[in-house]
Amino acid sequence: MAAPQAAYEELLARWREVHVLDSCGGLLAWDQETFMPTGGGPHRAEQLALLAGLKHARQTDPVIGRLLSEAERGDVVADPDSAAAANVREIRRLFERSSRVPVSLQQELARTSSRAREAWKEARAASRFGTFRPWLERLLDLKRREAEAVGTGEDSYDALLDEYEPGATARQLTELFRPLRAAAVGLVRRIRDSGRTPDVGILRRSYPPQRQEAFARRALAAIGFDLDRGRLDTTAHPFCSQIGPGDVRLTTRYSPHDLALAFFGVLHEGGHGLYDQGLRPDAYGTPVGMPCSTGVHESQSLLWENHVGRSRGFWRHFYGAAREAFPEALGGVARDAFYAAINRVEPSLIRIEADEVTYDLHVFLRFDLERDLLSGALAPADLPAAWNERMHRDLGLRPPDDARGCLQDIHWSLGAIGYFPTYTLGHVYAAQLFHQAGRELGDLDAAFARGEFRPLREWLQERVHRDGARRPPAALVERITGKPPGPEDRIAHLERRYGELYGLSPGSAADEGGAPVS
Ligand code: ZN
């Protein structure tokens with residue numbers, strides 16, 4: 001049976017090359033967002049397009065198909081639980097998916113989304129939806145054709161969702177989101193009725209960026225992000241990029257009058273970075289050495305940003321250092337007042353500025369609208385009105401213009417339909433994983449207060465990171481926590497944290513039935 005084994009090894013070597021090519025594009029994209037002079041734009045676009053073409057050609061090379069068939073015949077896959085079997089399964093899935101989309105359609109999508117992105121920028125700057133509308137129509141049409149070519153799941157939406165969250169379906173997500181929506185809407189109403197409004201002004205005082213950076217680096221080091229195998233730079237739109245094993249790059253942006261923006265942004269990207277640094281370097285480029293899904297990646301950033309970074313224990317440890325770094329701003333501020341400020345809940349128009357409770361409401365709105373856009377139930381021309389109506393129903397706010405309404409996110413201009421729900425999946429997975437970690441590791445809040453973050457980081461590395469994309473996300477979560485992804489732990493986390501902070505009486509869950517705030 002030497003042939004299947006040899007085929008398997010060649011398959012892995014070729015698949016790894018696909019990822020090495022991809023990482024070259026990643027490095028160029030990182031540079032574009034950080035240091036590239038604006039004049040470099042056109043040539044950079046040419047470089048990225050060439051690399052994307054080379055990657056697609058390698059990924060869909062018929063040789064991959066032959067090697068897969070060969071490997072699937074042998075002992076390599078005999079044990080379905082082995083890493084080799086997982087690699088073959090996952091490469092087969094990705095190979096089939098990318099091979100089904102014709103190259104001409106891929107290129108048209110790339111060209112159209114690149115121009116749509118420019119149109120979106122212009123539309124958002126002028127707050128004129130009409131500038132973006134024809135591009136959205138074209139993109140939706142192309143995405144319908146892509147979904148049809150891919151042909152997985154119950155409908156077009158499932159086929160697109162599968163790219164970000166393998167195995168997830170709109171039907172499951174609708175089930176999962178219903179109780180989460182009711183809980184968030186009810187919690188927002190009870191918080192409003194509590195009459196408590198923490199003073200967020202203390203976070204908007206003078207915070208010199210240089211000191212913010214030093215403080216953020218200190219927190220990054222404490223949670224265990226290895227700056228010898230990573231970097232932190234500044235950019236307009238923060239992100240985390242894994243260039244390869246040993247090179248994970250985080251970016252953030254500093255505002256001299258906003259402490260929370262950069263600090264929690266760094267913890268968020270740091271969580272993504274810990275995932276990338278925790279992957280198995282020896283398996284780089286093969287499924288077991290790559291991230292599981294967009295939702296699982298997001299769970300790691302949200303876990304460190306919210307469950308750790310916004311906890312009382314974290315600030316019992318860090319508040320002294322924060323006061324030392326910013327004595328003018330925080331010298332006279334009690335720790336409890338600071339804690340209340342960083343956890344203030346208030347409905348707002350912009351998703352990326354939303355707090356932990358209202359965030360999902362922004363996601364559910366997008367999830368419902370993008371399914372309607374894709375199916376044709378909602379015409380793009382009617383999007384602004386539908387958006388504003390839903391914002392009013394769920395968050396009690398009416399966007400004054402489309403820039404602060406349906407034009408605020410870049411996703412649809414990139415053709416990323418099916419991406420938004422992964423943010424909420426990230427919240428769901430994070431709560432479930434954090435709850436399980438607490439059961440196994442003991443009182444985590446007390447550990448954070450002592451500055452101990454290593455046990456949690458190592459637990460996540462062993463359970464989540466080292467598993468890579470060995471199994472689908474829902475199976476990964478179930479394997480670690482003993483139950484499939486569900487709303488319970490997320491709701492319990494929100495009730496606990498915000499019930500305590502806002503003095504809400506427990507047991508008022510009964511009135512969370514559904515009448516949204518208005
Ligand atoms: Zn993220």
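This passage describes a small sheet with its covering helix, a pair of packed helices and one buried histidine in a predicted model.

The sheet is open and consists of 3 strands in the order β1-β3-β2, with mixed pairing. Because β1 (230-234) and β2 (240-244) stand at the edges, each with a single partner strand, one side of each is left without a neighbour in the sheet. From one strand to the next, the twist averages 20°. The pairing of β1 with strand β3 (residues 247-252) is parallel and extends over 5 bridges, and within the sheet Arg 231 is placed opposite Arg 249 of β3. By contrast, β2 and β3 run antiparallel and are joined by 4 bridges, with Val 248 in β3 serving as the bridge partner of Gln 242. These two strands, β2 and β3, form a hairpin in which 2 residues lie between them, and Gly 246 in the turn adopts a positive phi of about 85°.

Although β2 is an edge strand, 4 of its 5 residues are buried, so β2 is largely enclosed by the rest of the structure. Helix α10 (residues 259-278) lies across β1, β2 and β3, and its direction is at about 165° to β3.

Elsewhere in the model, a helix pair can be described in similar geometric terms. Two packed helices are described by the angle between their axes and the distance between the axes. For helix α7 (residues 156-164) and helix α15 (residues 359-375), the axes come within 9 Å and cross at roughly 125°. The arrangement of α7 relative to α15 is therefore oblique, and the crossing in which α7 passes α15 is right-handed. On the α7 side the contact is made by Ser 156, Tyr 157 and Leu 160, whereas α15 contributes Phe 367, Glu 370, Arg 371 and Leu 374. Sorted by class, the residues in this contact of α7 with α15 comprise 4 nonpolar, 1 polar and 2 charged.

A further local environment is that of His 56, which is located in helix α2 (residues 41-59). With a relative accessible area of 12%, His 56 is classed as buried, because this value falls under the 20% cut-off. When residues up to four places away in sequence are not counted, His 56 touches Ser 98, Val 101, Val 103 and Gln 106.

Definitions and conventions: Residues are numbered from 1 along each chain as its sequence is written. This is a predicted model: local features need pLDDT of at least 70, side-chain atom pairs count only at pLDDT 80 or more; totals for chains, interfaces and linings use all residues. Side-chain values use heavy atoms; hydrogens and water are left out. Axes are lines fitted to C-alpha atoms, for helices over the stretch in contact, and angles run from 0 to 180 degrees between N-to-C directions. Angles under 35 degrees count as roughly parallel, over 145 as roughly antiparallel, 65 to 115 as roughly perpendicular and the rest as oblique. A crossing is left-handed if the near helix is turned anticlockwise from the far one by less than a right angle, and right-handed if clockwise. Contact means heavy atoms within 4.5 Å. Ala, Val, Leu, Ile, Met, Phe, Trp, Tyr, Cys and Pro count as nonpolar, Asp, Glu, Lys and Arg as charged, and the others, Gly among them, as polar. Buried means under 20% relative accessible area, exposed over 50%, partly exposed in between (1.4 Å probe, protein chains only). Two strands pair if DSSP finds at least two bridges between them.
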